[in-house]
Amino acid sequence: MADKKIKVIMAKPGLDGHDRGAKLLARILSESGMEVVYTGLRQTPDMIVNAALQEDADVVGLSSLSGVHNYFFPEVVKKLKEKGLNHVLVVGGGIIPEEDVPGLKKAGMAEIFGPGTSTGKIVEYIKTNVKAK
Amino acid sequence: MSDIDYAKGVLEGSPGAMARVMTWLENEDPRSMSVMREIYPHTGKAYIIGITGSPGAGKSTLTDKIAQHYRKLNLTVGIIALDPTSPFTGGAILGDRIRMSDLSLDPGVFIRSMATRGFMGGLSKYTSDVIKVMDASGKDIIIVETVGVGQDEVDVMNIADTTCVVCVPGLGDIIQSMKAGVMEIADVFIINKSDRAGADQIYSEIEYLVAITSDIKKRTWDPPIVKTIAVNDEGIDELIGAIKRHREQIEKDESLTEKRKKRIRQETLQIIHYELFRMLQEHILREGRLEDMVESIMNNSETPYSIMQKIVDDVIRFRK
């Protein structure tokens, strides 16, 4: 068999226009050997989930710097489950207050990587926790 | 789900089944083989359009607009959007979907991003198999958007029924690129970003190229040149019209049948080649023999050619 590549959807849900972090992370993940579908700005949860479905994604990475994470992140997790995509690792980053993290994880986010997280740690986490499909 | 269920899923157009089979194809997962055998008889209906051109020419935006026009005609569309794999890291950023936001929720459109994974020529090794999955699922039109190409990545001409080459004004002395390669494979030329300076000049240059080629070669189709401004959705109607006329021409003069036969010939040889080599490579790697071979070449007791001969003799002896 050929090398399996980890396929990641990198998305910014909602109207948040701060995309530097998402673009940087797309770069870093691809440099670690992953195939990153960068979907860009102004994605609705439906659009993100549809991309994950068509691309057979292993990971969905969500970025939010405008405070919308408590709405959008759980929405994406919910819609992924509705489409039967239970194996997808959903991770988030951006400006996420510490106190919101437990709620997000309870809603199904695998991990939240706040400001200052080392990118090496993010790569390691994904490579360790990605689920076989 | 058993493999047969995946084949059924593909034939029913289930995006989840299609997506998983495409992953299996890219990973050379043996589970894909029985699915491909099952769905193959249902292929051959889709019309395949190739979009190629240099990086930044606007291929993704054009693909998006072309797909939208076909959707208005009530046709379903499959899109394969290719991007290069890094030769250093093995990873890729697949950024073509970003231009196709309007299509991302349309159930009549299936978009798959693919990395080249080291394959040269503008496509991925698995592009024609992924095309077949989309074809078998019932897509009327399949658009293959290659990576940004230079002068001679022309593989797209083998998988497409109509190949569109996208040029943009102001890329320097285009006469240089007229010698051979990408400029030869066009069934339709597109001058995108045609509001930019130099659009008329590049139009004349391509017009000249088409004219002298017609003098030299006997052909039934002279590639038209269509000016577009894809971001503004301008010129797309003419482009669809040009593709339609090409399709009518090659269906009428049966060169489409010839093209597809040639494709089948190449693909069959290729598929046999890949599988035989895969089996052989697996065998060599499994027994650690490859490292031994490299050692023996390094210490001059063997050459790659003598090793090749031994393996071939082994295979022949085994077959007997």
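Me: What percentage of the 133 residues of chain A count as buried?

Reply: This is a predicted model, in which local features need pLDDT of at least 70, side-chain atom pairs count only at pLDDT 80 or more, and totals for chains, interfaces and linings use all residues. Residues are numbered from 1 along each chain as its sequence is written, chains are lettered from A and ligands numbered from 1 in the order in which they are written, and side-chain values use heavy atoms, with hydrogens and water left out. Buried means under 20% relative accessible area, exposed means over 50%, and partly exposed lies in between, with a 1.4 Å probe and protein chains only. On that basis, the buried share of the 133 residues of chain A is 57%.

Me: What is the radius of gyration of chain A?

Reply: Chain A has 5 helices and 5 strands, where helices (H or I, at least four residues) and strands (E, at least two) are DSSP runs numbered from the N terminus; along the sequence they follow the pattern β-α-β-α-β-α-β-α-β-α. For 133 residues the globule rule gives 14 Å, and the value for chain A is close to this, so the chain is as compact as a globular protein of that length. The rule is 2.2 Å times the number of residues to the power 0.38, and the radius is taken over C-alpha atoms. For chain A that radius is 13 Å.

Me: How many of the 11 residues of helix H2 of chain A are buried?

Reply: Helix H2(A) spans residues 45-55 and is mostly covered, with Met47(A), Ile48(A) and Leu53(A) among its buried residues. The cover comes from both chains, including strand E1 (7-13) and helix H3 (69-82) of chain A as well as helix H2 (15-26) and strand E4 (109-115) of chain B. Just after the helix comes Asp56(A), with a positive phi near 50°. Of the 11 residues in H2(A), the number buried is 10.

Me: What is the radius of gyration of chain B?

Reply: Chain B holds 11 helices and 8 strands. Its radius of gyration is close to the 20 Å that the globule rule gives for 320 residues, so chain B is as compact as a globular protein of that length. Along the principal axes, its C-alpha atoms fill a box of roughly 65 × 50 × 40 Å, and 48% of its residues count as buried. The radius of gyration of chain B is 22 Å.

Me: What share of the contacts in chain B between residues at least 6 apart in sequence joins residues at least 24 apart?

Reply: A contact means heavy atoms within 4.5 Å. One residue with such contacts is Thr52(B), placed in strand E1 (residues 47-53) of chain B and buried at 0% relative accessibility. Beyond its neighbours within four places in sequence, Thr52(B) is in contact with residues including Thr146(B), Cys164(B) and Ile185(B). For chain B, the share asked for is 75%.

Me: How far from the sulfur of Cys164(B) is the nearest cysteine sulfur?

Reply: A disulfide is a pair of cysteine sulfur atoms within 2.5 Å, and a search of the whole structure finds 0 over all chains. Cys164(B) is in no disulfide, and the nearest cysteine sulfur is that of Cys167(B). Both residues are buried, Cys164(B) with a relative accessible area of 0% and Cys167(B) with one of 7%. The distance to that nearest sulfur is 11 Å.

Me: Is Ser137(B) buried or exposed?

Reply: Ser137(B) is found in the loop between helix H5 (127-136) and strand E5 (141-148) of chain B. Its C-alpha lies 8.5 Å from that of Thr43(B), although 94 residues separate the two in sequence. Leaving out residues up to four places away, Ser137(B) touches Val10(B), Leu11(B), Gly13(B) and Met18(B). At 11% relative accessibility, Ser137(B) counts as buried.

Me: What is the relative accessibility of Lys193(B)?

Reply: Lys193(B) sits in the loop between strand E7 (188-191) and helix H7 (199-216) of chain B. Its C-alpha is separated by 8.1 Å from that of Lys227(B), 34 residues apart along the chain. Residues up to four places away not being counted, Lys193(B) touches residues including Gly56(B), Val168(B) and Thr228(B). Lys193(B) counts as partly exposed, with a relative accessibility of 25%.
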